[in-house]
Amino acid sequence: MMGIAVAHKGDGPTCQSATPGDLTVHFRVELTSSQSASVQLSTRRCVASDSSRSGTTTLSDWLPALLPQSEASMKTGRYVRAELFVLRGPAPSHSGGMSHPVSSAPEGSRMSNLGLSFIVLFACTSAFASPPSRIETEAESLASTPTPFAVLREFVTEDVYHYRFDIRVSTAPNAIVRVHRVVRERAPWRPRSPAHAIMLLHGDFANFVTNFVPTLGNPASSAPGLAPYLAARDIDVWGVDRRWTLPSAYGDISDLGEMGVAQELGDITVALTFARAARLSGDRDKGRIVLGGFSHGGELAYAYAAANGRHVSAVAVLDAYYDIAPEHAELRELACANAAAGREALAQGVTDSDNSFFITLGELARSAPQAQSPVFSSYTNRGALLAMNGLTYLLAPYTPLYHLSAPILDANGDVAALRESSEDSVSAWFASAPPHQSLRETVELDEIWCGATPRPELSNIRVPLFYLGAAGAFGDYGLYSTTRVSSTDVTALVVRRFGPERVSEDFGHGDLLYAADAPTLAWQPLATWLLSH
């Protein structure tokens, strides 16, 4: 499960000697079944400061001894809440149960209640600029956090499972880096370790699950999902959610105004560091990871590779542009205007670009498809969903005929049905949208498109690039960005059904993820490229 390599000496539960630097790590998990039954388990290991006098293990070696080994029981999908308690020096005797370890620490012993976030930071200091004193300050802050680390494991299909890791990185309400992994298992809680890996970044009004593993969404989608497709082909699929996906409809969003591109690039670094650490715990160093993204996630992938590129072996962008071609000046002007309007709203204290519009469209199309739409009164709820997907450019003209889903148009130009994606998958996509979204992020991504403010330049990208476009969305308009990188290994594919005269009906933005033929037209070429890079 985890992949943070640690050293241990013997099988004793605690460090019996007082060797400076030795740590006793108390690792405990709580499993809650679908019937809300709960069981708590714990173990301890001594982590020696001097690796020359100890063997090597990983945190993943601890779980099988703690967790039930029945595959049937694991397939039900148990929620696992895990905590790490790090004690410096010999551990005191512990009275058992699950009481907070701080209460049993003798005076003079120094102990910190740390989440895995601190373990990652401590073990991978080369990936971060913070000096040790800054790390210690974060550790002390996190000591008061009740759940610094949590894990969710869910059955997806056959031997493919979804892991979710919540890593708290500060005490702000939503300061959690939520990392996902979709991977084949060789045994319960024992992921395989494929040679190839990708970190996927989701788009707007979505998170990793609803974009890439939609069968696990709420509501669940009938679309099988890109991530399980890649995992079944021995690609290790990772992802990270942006922080605005975390709060509930009435949750604490007091830190929403801080959620901009710089923070997101930092979270991507944490996620990539975590993923590489997990993969490094295998038999060999499998190297860096491909960074991929859909829609605005693709724009962020470009930005990260251009600004930093640490841990990244290649870039895969799914239907997005970063630089806008000179001949499409009207699109740049639109981005500049949107950015300016957004900046004005931010100055007035607005931070939430909420997703209630998408949620309402999706939920009503599922629950009352033939009722009159409260959003677009001239349509039924079903008609409103179809119009928003097939005629998206009327509200969001990222390209002249941009649409989320390929439409079948009637004689009047109205959307009669969807051509590629099922109405179930599209309505689930909308209905499962996170309630909130950061306006600051939207503004800063528009500013990247506008190009009027400093930004990472694509010429900094020298790793291989794969661009996968949808002809009815960003499509050909995304090709210009691929010419701006310094890489000599660039592959581009625009999925299309028709010629340019029928672009208004062609493969849509979301069809890359939800269309019935997406596995053949889009996912297979991506998988082939990943396996060769």
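A residue counts as buried when its relative accessible area is under 20%, as exposed when that value is over 50%, and as partly exposed in between. In this predicted model, Cys336 comes out at 26% relative accessibility, so it falls in the partly exposed class. Its partner sits on the other side of that cut-off: Cys450 has a relative accessible area of 12% and is therefore buried. The two are joined by a disulfide, with the sulfur atoms 1.9 Å apart, and a search of the whole structure turns up just this one disulfide. The link of Cys336 and Cys450 is right-handed, with 95 degrees about the S-S bond. Because Cys336 belongs to helix 9 and Cys450 to helix 13, the bond ties together parts that are 114 residues apart in sequence.

Now for the aromatic rings. The structure holds 26 aromatic pairs. One of them brings together Tyr321 and Trp449, whose ring centres are 4.9 Å apart; their planes are at 70 degrees, so the pair is edge-to-face. This pair, too, links distant parts of the chain: Tyr321 is in the loop between strand 14 (312–318) and helix 9 (329–347), while Trp449 is in helix 13 (residues 439–450), 128 residues away. Both Tyr321 and Trp449 are buried.

Another pair is made by Phe357 and Phe358. Here the ring centres are 5.3 Å apart and the planes are at 80 degrees, so this pair is edge-to-face as well. As for cover, Phe357 has 26% relative accessibility and so counts as partly exposed, whereas Phe358, with a relative accessible area of 15%, is buried. Ring pairs also tie these two into a cluster with Phe205, Phe376, Tyr379, Trp429, Phe430 and Tyr514.

Some rings have a charge for company. The charged end of Arg153 sits over the ring of Tyr161, 4.0 Å from the ring centre. Likewise, Arg502 places its charged end over the ring of Phe498, 3.9 Å from the centre of that ring.

Phe358 turns up again at the largest pocket, which has a volume of about 720 Å³. Of the 33 residues that line this pocket, Phe358 is among those nearest its centre, along with Asp204, Leu395, Ala396 and Tyr398. Helix 9, helix 10 and helix 13 are the elements that give two or more residues to the lining. Helix 13 gives the most, with five residues.

Helix 11 (residues 381–390) is mostly covered, with nine of its 10 residues buried. Among them are Asn381, Gly383, Leu385, Met388 and Gly390. What do the buried residues of helix 11 pack against? Their neighbours are helix 10 (356–367), strand 15 (407–409), strand 16 (415–418) and helix 12 (423–431).

Last comes Ser295, found in the loop between strand 13 (289–294) and helix 8 (296–307). At 12% relative accessibility, Ser295 counts as buried. Leaving aside neighbours within four places in sequence, Ser295 is in contact with Gly203, Leu318, Asp319, Ala320 and His509.

Definitions and conventions. Residues numbered from 1 in each chain as written. Predicted model: local features only at pLDDT ≥ 70, side-chain atom pairs only at ≥ 80, totals over all residues. Heavy atoms only, no water. Phe/Tyr/Trp six-rings, centres within 6.5 Å; stacked < 30°, edge-to-face > 60°. Helix = DSSP H or I, 4+ residues; strand = E, 2+ residues; numbered from the N terminus. Buried < 20%, exposed > 50% of the residue type's maximum accessible area, 1.4 Å probe, protein only. Lys NZ or Arg CZ within 6 Å of the ring centre and 35° of its normal. Disulfide = S-S within 2.5 Å. Contact = heavy atoms within 4.5 Å. 1 Å grid on protein atoms, 1.4 Å probe; cavity = no way out; pocket = protein on both sides within 12 Å on 5 of 7 lines; lining within 4 Å. Points joined across faces, edges and corners; volume = space filled by probe spheres on them.
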